[in-house]
Amino acid sequence: MHEYTERLDATAFSMEQDLQREFEARLIESSTLAFRVAYSVLRNSENAEDVAQEAFAKSYSSFRRLRDRDRFRRWLVRITWRLAINRLRSDRRRSLREAVPVETSITPTPVQSIIAQERAAQLWRAIDALPDKLRIVVVLAGIEEHDIREVATLLRLPEGTVKSRLFLARQRLKELMQ
Amino acid sequence: MKADQMTSSRSDTSLDREIEAMLAVEPSPEFVSRVRKRIAEAPLSGWTMGWTSLAAGSVVVAVVVAVVISRPHEVVQPEAMMPVARTSMQADTPSDDVPASPNLNSSKSPERYKPEVSKAIVREPQMLINPKEAAAIRRFLASPQPERVELSLIKIEPQPLPEFTFTPLPTFDPMVVLQGDFK
């Protein structure tokens with residue numbers, strides 16, 4: 001009996017270790033994704049990290065049923081987006097938002113940098129003005145160079161729907177940018 | 001037309017690049033380690049939650065199964081049936097224990113027996129068993145039973161058969177039917 005209990009304990013321990021390992025792999029793989037999704041809403045690195053961290057903590061508690069990679073990433077995107085939106089609504093420090101990302105590749109000279117900053121701020125405003133279902137498509141398509149198929153998988157939508165939403169979003173952005 | 005399309009696709013591409021550049025923000029190097037720390041600090045509710053909820057669920061299922069299994073026995077038990085017959089008897093005939101009075105059927109009577117069975121159990125036998133029959137059976141069972149009679153001790157003397165007397169049967173003459181009788 002004692003031997004059986006010991007064996008059961010060992011099995012449970014190894015299962016838990018397996019889960020921990022899998023979670024670690026998902027964390028490394030998806031940390032940037034969660035952070036960027038949060039950042040696209042909050043525009044503040046610190047807040048985005050907080051939200052992404054919270055999303056990972058939540059995903060950890062439900063990891064047993066989120067072991068599948070696609071499922072995990074889909075869930076993570078959804079929860080991060082929701083948490084970020086909630087955070088934005090309750091956040092009173094909006095004025096401290098970062099205007100542009102810290103590292104951008106289009107800032108060779110100070111003048112161009114100012115122009116780029118202004119352009120980025122304008123684009124963010126336009127993205128913020130999009131309805132949620134178009135905004136998430138634009139953001140996910142812009143993160144890590146996701147293609148249509150990947151965005152469709154993350155949002156659990158048909159590829160055609162993602163394509164049409166992306167098209168609509170671009171049209172709307174162009175209108176807003178003019 | 002083609003030029004318009006090309007311009008449009010070029011602007012789409014540049015827009016996509018701009019958005020990509022805007023989102024090309026990396027989390028701080030400590031981000032992952034902070035997530036790890038937070039998860040490590042949090043109690044492993046995630047892992048234990050499954051087991052506890054499973055255990056609680058199985059307990060609830062066991063209780064429900066036990067209740068469902070024990071319920072039919074309650075209906076079949078003769079103890080549960082007896083008060084029914086008693087109540088029906090009381091309703092019809094006055095009991096020997098309780099003196100007959102105008103208040104016998106009133107619910108206010110404190111001595112009256114109140115069976116603790118469900119209404120479903122009470123109603124069903126009343127439809128199947130005639131209250132008078134139930135009262136009669138109950139009275140019979142309650143009456144003192146006679147002592148056992150040993151039949152082997154009883155001696156029956158043979159009685160002589162009555163004398164047989166022969167009486168002759170009556171005789172009849174044969175009938176004669178003539179031709180003109182039915183015309």
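User: At what relative accessibility does A:Asp18 count as partly exposed?
Analyst: This is a predicted model, in which local features need pLDDT of at least 70 and side-chain atom pairs count only at pLDDT 80 or more, while totals for chains, interfaces and linings use all residues. Residues are numbered from 1 along each chain as its sequence is written, chains are lettered from A and ligands numbered from 1 in the order in which they are written, and side-chain values use heavy atoms, with hydrogens and water left out. Buried means under 20% relative accessible area, exposed means over 50%, and partly exposed lies in between (1.4 Å probe, protein chains only). A:Asp18 counts as partly exposed because its relative accessibility is 34%.

User: Which residue forms a salt bridge with A:Asp18?
Analyst: A salt bridge requires a side-chain nitrogen of Lys or Arg within 4 Å of a carboxyl oxygen of Asp or Glu. The partner sits 3 residues from A:Asp18 in helix α1 of chain A, a separation of about one helical turn. That partner counts as exposed, at 54% relative accessibility. The closest N and O atoms of the pair are 2.6 Å apart, and the partner is A:Arg21.

User: How many helices does chain A have?
Analyst: Helices (H or I, at least four residues) and strands (E, at least two) are DSSP runs, numbered from the N terminus. Chain A reads α-α-α-α-α-α-α along the sequence. Strands number 0, and the helix count of chain A is 7.

User: What share of the residues of chain B count as buried?
Analyst: Chain B has 6 helices and 0 strands. Its accessible surface (Shrake-Rupley method, 1.4 Å probe; for residues, only the protein chains shown count as cover) comes to about 16000 Å², 63% of it belonging to carbon and sulfur atoms. In chain A, 45% of the 178 residues count as buried. For the 183 residues of chain B the share is 15%.

User: How many residues of chain B are in contact with chain A?
Analyst: Contact means heavy atoms within 4.5 Å. On the chain A side, 41 residues take part, and on the chain B side the number is 27.

User: What area is buried between chain A and chain B?
Analyst: Buried area is the accessible area (1.4 Å probe) that two parts lose on being put together, summed over both. Carbon and sulfur atoms give 64% of the total, which is about 3400 Å².

User: Which three residues supply 19% of the area that chain A buries against chain B?
Analyst: No other three residues of chain A supply more of that area. The three are A:Glu49, A:Gln53 and A:Tyr60.

User: How many residue pairs are in polar contact across the interface of chain A and chain B?
Analyst: A polar contact is a pair of N or O atoms within 3.5 Å; within protein, one must be able to donate a hydrogen and the other to accept it, and residues adjacent in sequence count only if both atoms are side-chain atoms. With both residues at pLDDT 80 or more, the number of pairs is 8.

User: Which element gives the most to the side of chain A that touches chain B?
Analyst: The elements giving two or more residues to this side are α1 (2-42), α2 (45-61), α4 (110-129), α5 (132-142) and α7 (159-177) of chain A. The top contribution is 13 residues, from α1(A).

User: Which residue meets B:Glu18 in a salt bridge?
Analyst: Side chains of opposite charge can pair when their charged atoms come close. B:Glu18 is in contact with A:Arg119 and A:Leu123, leaving aside its neighbours within four places in sequence. B:Glu18 is buried, with a relative accessible area of 17%. The salt bridge has an N to O distance of 2.5 Å, and the partner is A:Arg119.

User: Which helix of chain A holds A:Arg170, which meets B:Asp16 in a salt bridge?
Analyst: B:Asp16 counts as partly exposed at 24% relative accessibility, whereas A:Arg170 counts as buried at 19%. Their side chains meet at 2.6 Å, N to O. The pair joins two chains because B:Asp16 lies in helix α1 of chain B and A:Arg170 in helix α7.

User: How many salt bridges does the rule find across the interface of chain A and chain B?
Analyst: Over all chains the count comes to 13. One salt bridge joins A:Glu24 and B:Arg36, with the closest N and O atoms 2.5 Å apart. Across the interface of chain A and chain B the number is 5.
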